[in-house]
Amino acid sequence: ILDEVEIFVLDEADQMLDLGFIHDLKRIERLLPKRRQSLFFSATMPKNIANLADKFLHQPVKVSVAPQATTAERVEQYATFVGQKEKQALLTVTLRDQDIERALIFSRTKHGADRIVRFLAGAKIGAAAIHGNKSQPQREAALQAFRNGEIKYLVATDIAARGIDIPAVSHVFNFDMPNVPEQYVHRIGRTARAGASGIAISFVNDEDERSYLKSIERLTGIRLQKQPLPEDFLAKAAELPKAVSRGAQKQNSGGGRPRHANKKRHPRDGDRSEGQGQKRRRRRNNRNGVGQHRNSVKRQGAR
């Protein structure tokens, strides 16, 4: 079938080429006919990824609707320097104390996104995560709840956030700074849509992410306004509750059940307080006659 393809379209080309899909694309490309039209679409196209894309294209024509480094003029952009371990507390305090209509929160990793949601749930702040480990129905349910206003905060990784077009996003939080400056442009473009204004707040780990911030400012030509930590931040952070456990989070969402809840107890299992290793040793010894020998020795000693 693939040898009959006339038009090959790759959407989100920068992410597809940069996130481990390159080997799959090479295999697919070998099955495509040499004479075809290839179309690559992407909101951002860093130079190294563009060079990689050229290997799949023949005499390509580049069409740009806006300069790559353009950021929304109606977005107020702030940066707060904070330690990595204090980022979660800063996010929780900010969402709790400020009047935020609807916010998109960016995490660099899938596990990081889930962790953010669990901590917010511990503080009674409703949020949902979308990323590559979520099923399509889960992602659609989270997006629908975000659009309907059932939840005010959506935590996403970069690739999962592609294609999100929700006009009423008032804030964008960069929980983790992107290491590709063009990705910052794409992130904050999720707010200030349809003539509205927006606010973008970046949490910058001074040890590891300051260089990312400099690259972003160099690309955009804009210096982000430095924002201090909230007043009494340390005291407020110390009072925050812990994260909700993964199991409790699944049960609350209806997506999980207690481990071994439906497992039947076998009559030979014996006392549950006995460890698995002890049970295995007891059964093995019984088979080999070791247990009987030990019991006979004890009885002889008792006589």
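This report walks through a predicted model, from its confidence scores to its strands, rings and charged pairs.

## How confident is the model?

Let's begin with the scores that come with the prediction. The chain has an average pLDDT of 82, and 79% of the residues reach at least 70. Some stretches score low. Across residues 253-274 the pLDDT stays under 50, and the model shows 14 contacts there beyond four places in sequence. Residues 290-303 also have a pLDDT below 50, with six contacts beyond near neighbours in sequence. Keep these two stretches in mind as you turn the structure on your screen.

## Strand 6 and its partners

Now find strand 6, which covers residues 153-156. Which way do its side chains point? Tyr153 and Val155 point one way, while Leu154 and Ala156 point the other way. Buried is the word for all four of these residues.

Strand 6 pairs with strand 4 (residues 103-106), and the two run parallel, joined by four bridges. To see one of the links, look for Leu104, whose bridge partner in strand 6 is Leu154. Strand 5 also pairs with strand 6 in the parallel sense, again over four bridges. Here Ala129 has Val155 of strand 6 as its bridge partner.

## A helix on the inside

Is helix 4 mostly buried or exposed? Nine of its eleven residues are buried, so helix 4 is largely enclosed by the rest of the structure. The buried residues are Lys87, Gln88, Ala89, Leu90, Leu91, Thr92, Val93, Thr94 and Leu95. Asp97 also belongs to helix 4, but at 43% relative accessibility Asp97 counts as partly exposed, because the buried class ends at 20%.

## Rings that meet

Next come the aromatic rings. A pair of aromatic rings is described by the distance of the centres and the angle of the planes. How many aromatic pairs are there in this model? The count comes to four aromatic pairs. One of them joins Phe8 and Phe40 in an edge-to-face arrangement, with 6.3 Å from centre to centre and 80° between the planes. Phe8 belongs to strand 1 (residues 7-10) and Phe40 to strand 2 (residues 37-40), so this pair ties together parts that are 32 residues apart in sequence. Both Phe8 and Phe40 are buried. Together with Phe56, they make up one aromatic cluster.

Another pair, Phe173 with Phe203, is tilted: the centres are 6.1 Å apart and the planes meet at 55°. This pair links distant parts of the chain, since Phe173 is in strand 7 (residues 171-174) and Phe203 is in strand 8 (residues 198-204), 30 residues apart. Phe173 is buried, and Phe203 is buried too.

## Charges over rings

Rings also have charged neighbours here. Lys87 lies over the face of Phe175, 6.0 Å from the ring centre. Arg102 has its charged end over the ring of Phe146, at 5.5 Å from the centre of that ring.

## Salt bridges across the chain

Side chains of opposite charge can pair when their charged atoms come close. The structure holds eleven salt bridges. You have already met Lys87, and its side chain also forms a salt bridge with that of Asp176 (3.9 Å, N to O). Why does this pair tie together parts that are 89 residues apart in sequence? Lys87 lies in helix 4 (residues 87-97), whereas Asp176 lies in the loop between strand 7 and helix 8 (181-188), so the pair spans that separation. Lys87 and Asp176 are both buried.

Asp97 makes a salt bridge with Lys236, where the closest N and O atoms are 3.2 Å apart. This pair links helix 4, home of Asp97, to helix 10 (residues 233-238), home of Lys236, 139 residues apart. Lys236 has a relative accessible area of 25%, and is partly exposed.

A further salt bridge brings together the side chains of Asp114 and Lys134 (3.6 Å, N to O). Asp114 is in helix 5 (residues 110-122) and Lys134 is in the loop between strand 5 (127-130) and helix 6 (136-148), 20 residues apart. Asp114 counts as buried at 18% relative accessibility, whereas Lys134, with a relative accessible area of 24%, is partly exposed. Finally, salt bridges that share partners join Lys87, Arg108, Asp176 and Glu209 into one network.

Key: Residues are numbered from 1 along each chain as its sequence is written. Side-chain values use heavy atoms; hydrogens and water are left out. Rings of Phe, Tyr and Trp (its six-membered ring) pair if their centres lie within 6.5 Å; planes under 30 degrees apart count as stacked, over 60 as edge-to-face and the rest as tilted. Buried means under 20% relative accessible area, exposed over 50%, partly exposed in between (1.4 Å probe, protein chains only). A charge sits over a ring if NZ of Lys or CZ of Arg is within 6 Å of the ring centre and within 35 degrees of the ring normal. A salt bridge is a side-chain nitrogen of Lys or Arg within 4 Å of a carboxyl oxygen of Asp or Glu. pLDDT is the predictor's confidence in each residue, from 0 to 100. Contact means heavy atoms within 4.5 Å. Two strands pair if DSSP finds at least two bridges between them.
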